Amino acid sequence: MQNLIKICEQEIKVKEFRGQRVVTFKDIDMVHQRAEGTAKRNYVANKKHLKEGIDYFIVTKKELGTNFVLTYDFGKAAYMGTLITESGYLMLVKSFMDDLAWEVQRHLVNIYFKNRQTNNDNKQIVYADIPDNKGTQKIIQNLRQYICTLEGTLKLFNRYLELEKAKNYQTMIADIGIEIFLAADKIKNATIGVKRTN
């Protein structure tokens, strides 16, 4: 099922590229109820003011595969297409001054474009700094040693043995299991450092 958003009585399919919402020339013409090709003409006329990777992306069928048609709605015969970001959209529709244009711009900016940014783009990601945490690394090393010892002891236990030796191995396995549990519990309660990124 397609993810559609209604903009002034027109349904637009949600499109995202590199973590942000984008639209096509076809989308812009449709929601603004303009003749097909209007948005592209504005793009061509003002391209010197637009920056690739910021205001728009050029994508190819080879790069996107089946998503070129299925996700972004480019024609099957096309081999490349243009995806417009929020900043690019606002620059392209500067000349649209009718009442509908103002309403469409408000809806696209506040409902379509901002939805993705609110949820993801401005979210600060916090990473667990486990590889650089010396205390946690020591616990992990101890746990690995206990697990290695347990594997070796299980091999010795898993064969025909004198009854007394078998009982000794049972005790050893139980003791190692307790050490593994305690080490695992230390990991559970360890203080983990963090790294933050936008």
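# Close-up views of a predicted model

**Figure 1. The hairpin of strands E1 and E2 in the predicted model.** Strands E1 and E2 form a hairpin with two residues between them, and in the turn cysteine 8 has a positive phi of about 50°. The two strands, E1 (residues 4-7) and E2 (residues 10-13), run antiparallel and are joined by four bridges. One bridge pairs isoleucine 7 with glutamine 10 in E2. Side chains alternate along E1: Ile5 and Ile7 point to one face and are buried, whereas Leu4 and Lys6 point to the other face and are not buried.

**Figure 2. Positive phi at glutamate 9 and glutamine 33.** Most residues other than glycine have a negative phi. Glutamate 9, which is not a glycine, has a positive phi of about 75°. This residue sits in the loop between E1 and E2. Glutamate 9 counts as exposed because its relative accessibility is 65%, over the 50% cut-off. Glutamine 33 belongs to the loop between H1 and H2. Its phi is also positive, near 55°, and glutamine 33 is a residue other than glycine.

**Figure 3. Salt bridges of aspartate 73 with lysine 13 and lysine 15.** Side chains of opposite charge can pair when their charged atoms come close. The side chains of lysine 13 and aspartate 73 form a salt bridge, with an N to O distance of 3.1 Å. Lysine 13 is in strand E2 and aspartate 73 is in the loop between helix H4 (67-70) and E6, so this pair ties together parts that are 60 residues apart in sequence. Aspartate 73 also forms a salt bridge with lysine 15, at 3.8 Å, N to O. Here the link again spans distant parts of the chain: lysine 15 is in the loop between E2 and strand E3 (16-17), 58 residues apart from aspartate 73 in the loop between H4 and E6. Burial of the three residues can be read from the relative accessibility. Lysine 13 has 10% and counts as buried, and lysine 15 has 0% and counts as buried. Aspartate 73 has 34% and counts as partly exposed. Lys13, Lys15 and Asp73 are linked with Asp27 in a network of salt bridges.

**Figure 4. The salt bridge between arginine 34 and aspartate 98.** The side chains of arginine 34 and aspartate 98 meet at 2.4 Å, N to O. Arginine 34 is in the loop between H1 and H2, and aspartate 98 is in the loop between helix H5 (86-92) and helix H6 (99-121), so the salt bridge ties together parts that are 64 residues apart in sequence. Both ends count as partly exposed: arginine 34 has a relative accessibility of 29%, and aspartate 98 has 32%. The whole structure contains six salt bridges.

**Figure 5. The largest pocket and its lining.** The volume of the largest pocket is about 440 Å³. Its lining has 18 residues, and Phe25, Lys26, Lys40, Phe74 and Thr82 lie nearest the centre. Helix H1 (25-31), helix H2 (38-46) and strand E6 (80-84) are the elements that give two or more residues to this lining. By residue class, the lining holds eight nonpolar, five polar and five charged residues.

**Figure 6. Threonine 82 and its contacts.** Threonine 82 lies in strand E6. Its relative accessibility is 12%, so threonine 82 counts as buried, the cut-off being under 20%. Leaving aside neighbours within four places in sequence, threonine 82 is in contact with Val23, Thr24, Phe25, Tyr43, Tyr56, Phe57, Ile58 and Phe74. Of these contacts, Phe25 and Phe74 are also among the residues nearest the centre of the largest pocket, as is Thr82.

**Figure 7. Threonine 136 in helix H7.** Threonine 136 is placed in helix H7 (residues 134-157). With a relative accessible area of 5%, threonine 136 is buried. Residues up to four places away in sequence not counted, threonine 136 touches Ile130, Ala190 and Thr191.

**Figure 8. The protein chain as context for the close-ups.** The chain has eight helices and eight strands. Of its 198 residues, 31% count as buried. Among contacts between residues at least 6 apart in sequence, 64% join residues at least 24 apart.

Notes:
Residues numbered from 1 in each chain as written. Predicted model: local features only at pLDDT ≥ 70, side-chain atom pairs only at ≥ 80, totals over all residues. Heavy atoms only, no water. 1 Å grid on protein atoms, 1.4 Å probe; cavity = no way out; pocket = protein on both sides within 12 Å on 5 of 7 lines; lining within 4 Å. Points joined across faces, edges and corners; volume = space filled by probe spheres on them. Nonpolar A, V, L, I, M, F, W, Y, C, P; charged D, E, K, R; others polar. Buried < 20%, exposed > 50% of the residue type's maximum accessible area, 1.4 Å probe, protein only. Contact = heavy atoms within 4.5 Å. Pairing = 2+ DSSP bridges. Salt bridge = Lys/Arg side-chain N within 4 Å of Asp/Glu carboxyl O.
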